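This report describes a protein structure for a reader who is new to the subject. Please keep the sequence and the model in view while reading.

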Amino acid sequence: MVDKIQRGPGLGPATDNRRHARMGMPKNTRATLQGPDGSTHDVGVQDISSGGAGLLVDGVFENASFVELHMEGLGSIKAHVARDFAGGIGVEFELSEKERLEKEEEIRAFRKTVAQGKF
């Protein structure tokens, strides 16, 4: 899947070559991230897909470190930090293909809930 994404004011669209379609989340969407040391952090969820999520975090997380995302409506998902960006990190979910397909269905249902304003 290739989508055009906006890069910011004054910048043209960029190409998004992600393997899994991402769903942008309302700005007030929150989750809890458990770090590799067991500490928990309240994070914002920028976007999510069946393969991972973009999280807005205050803390520092090392690339490749293992974390667990806890999100109302989707439960707990083991992941690892795949990248960092200004103000956040990207995590890749640790799911088998079967689990990823199940999570994709959960995210579709979650999208409907968000779209209806019930989240």
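## Contacts and the core

Two residues are said to be in contact when they have heavy atoms within 4.5 Å of each other. The model considered here is predicted. Apart from its neighbours within four places in sequence, isoleucine 48 is in contact with Ala21, Arg22, Met23, Met25, Ala53, Met71, Leu74, Phe93 and Ile107.

The largest nonpolar core has 24 residues, of which Ile48, Leu55 and Val91 touch the most other members. Two or more residues of this core come from each of β4 (30-34), β5, β6 (52-56), β7, β8, β9 (88-93) and α1.

## The helix α1

Helix α1 comprises 19 residues (residues 97-115); at 1.5 Å a residue it should span 27 Å, and its end C-alpha atoms are indeed 27 Å apart. Its buried residues are Arg100, Lys103, Ile107, Phe110 and Val114. They lie on the same side of α1, because they cover an arc of only 75 degrees around the axis.

These buried residues pack against β3 (23-24), β5 (40-48), β7 (66-71) and β8 (75-85). The face turned away from the buried side carries the exposed residues Lys98 and Lys112.

## Salt bridges

The whole structure contains seven salt bridges. One of them joins the side chains of arginine 30 and aspartate 42 (2.8 Å, N to O). Arginine 30 belongs to strand β4 and aspartate 42 to strand β5, so the pair ties together parts that are twelve residues apart in sequence.

Within α1, arginine 108 forms a salt bridge with glutamate 104, with the closest N and O atoms 3.1 Å apart. Being four residues apart in the helix, arginine 108 and glutamate 104 are separated by about one helical turn. Salt bridges with shared partners join Glu97, Arg100, Glu104, Glu105 and Arg108 into one network.

Definitions and conventions
Residues numbered from 1 in each chain as written. Predicted model: local features only at pLDDT ≥ 70, side-chain atom pairs only at ≥ 80, totals over all residues. Heavy atoms only, no water. Expected span 1.5 Å × (residues − 1). Buried < 20%, exposed > 50% of the residue type's maximum accessible area, 1.4 Å probe, protein only. Arc of directions from axis to C-beta. Core = buried A, V, L, I, M, F, W, Y, C linked by side-chain atoms within 4.5 Å. Salt bridge = Lys/Arg side-chain N within 4 Å of Asp/Glu carboxyl O.
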